Amino acid sequence: MKSDFKVSVTKKNLPDNFDELKKSLNRASNWRERLDTIDKLGAWKSKEAIELLKYRLKGDSVYRVQEAAYDQLVSWGQDVTMPEKKTGELFKDTNKILLRIKKSLPEDHSFEDFKEKVKKMRMDLYDTYEGNKGKNFNKWLKETWASLDIK
């Protein structure tokens, strides 16, 4: 996912690896990396870091990442509002996507086969739901897998 978000970088009050941190913060298929990057940026209060975190606050697909950006911005005295947690489908036609993946597997495939194929084919979807569902992710995915009817 390419972003139109641009930040002018000055070396004043920025880490040497700022460009790498910026890339990590925009990596759509790794919510843990984005979360870790927010923590790292927390040590570098600057206009650029604030703008990056505001961007993540508004547009991240994983609520935990939005919460971390919000918490960091508030700790820096920024007047920001926490977005509401999305409910329902996080991707348009999630069930259709998962059904296609299920249909592509042999009839006698296991849940683990399905889970691995979802991870390989749609890492963005897998990662987003994993980040939002947390410890309930496997239960949700298994229930969804079991409910997908192949006609």
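These legends accompany close-up views of a predicted model.

**Figure 1. The whole chain is built from helices and contains no strands.** The secondary structure comes to eight helices. Read along the sequence, the pattern is α-α-α-α-α-α-α-α. The C-alpha trace spans about 60 × 25 × 25 Å along its principal axes. The chain has 151 residues, and 39% of them count as buried. Take the contacts between residues at least 6 apart in sequence: 59% of these join residues at least 24 apart.

**Figure 2. Phe111 and Trp145 form a tilted aromatic pair.** The two ring centres are 5.6 Å apart. The planes meet at 55°, so the pair is classed as tilted; the edge-to-face class would need an angle over 60 degrees. Phe111 belongs to helix H6, residues 111-121. Trp145 belongs to helix H8, residues 137-147. The partners are 34 residues apart, and the pair links distant parts of the chain. Both residues fall under the 20% limit for burial: Phe111 has a relative accessible area of 8%, and Trp145 has 17%. A search of the whole structure finds six aromatic pairs.

**Figure 3. Five aromatic residues gather in one cluster.** The members are Phe91, Tyr126, Tyr129, Phe137 and Trp140. Two of the helices seen elsewhere in these views contribute here: Tyr126 and Tyr129 fall within H7 (123-133), while Phe137 and Trp140 fall within H8 (residues 137-147).

**Figure 4. Helix H6 turns one side inward, with its buried residues grouped there.** The buried residues of H6 are Phe111, Phe114, Lys115 and Val118. They cover an arc of only 100° around the axis, so they sit on the same side of H6. An α-helix has 3.6 residues a turn, so residues three or four places apart point the same way. The buried residues of H6 pack against three helices: H5 (94-103), H7 (123-133) and H8. Phe111 therefore appears in two views, as a buried residue of H6 and as the partner of Trp145 in the tilted pair.

**Figure 5. One cavity of 30 Å³ or more turns up in the whole structure.** Rolling a probe the size of a water molecule over the atoms shows where empty space is left. The largest cavity holds about 60 Å³ of space. What lines the largest cavity? Asp60, Ser61, Val62, Tyr63, Gln66, Lys85, Lys86, Leu90 and Asn132 do. By class, the lining has three nonpolar, three polar and three charged residues. Among the charged residues of the lining are Lys85 and Lys86.

**Figure 6. Asp93 has a positive phi.** Most residues other than glycine have a negative phi. The phi of Asp93 is near 60°. Where does Asp93 lie? Its place is in the loop between helix H4 (63-75) and H5. Is Asp93 buried or partly exposed? Asp93 is partly exposed, with a relative accessible area of 31%.

**Figure 7. Ser24 is a buried residue of helix H1.** Helix H1 covers residues 18-25. The relative accessible area of Ser24 is 12%, so Ser24 counts as buried. Which residues does Ser24 contact, leaving aside neighbours within four places in sequence? Glu33, Arg34 and Thr37 are its contacts.

How values were computed
Residues numbered from 1 in each chain as written. Predicted model: local features only at pLDDT ≥ 70, side-chain atom pairs only at ≥ 80, totals over all residues. Heavy atoms only, no water. Phe/Tyr/Trp six-rings, centres within 6.5 Å; stacked < 30°, edge-to-face > 60°. Helix = DSSP H or I, 4+ residues; strand = E, 2+ residues; numbered from the N terminus. Buried < 20%, exposed > 50% of the residue type's maximum accessible area, 1.4 Å probe, protein only. 1 Å grid on protein atoms, 1.4 Å probe; cavity = no way out; pocket = protein on both sides within 12 Å on 5 of 7 lines; lining within 4 Å. Points joined across faces, edges and corners; volume = space filled by probe spheres on them. Arc of directions from axis to C-beta. Contact = heavy atoms within 4.5 Å.
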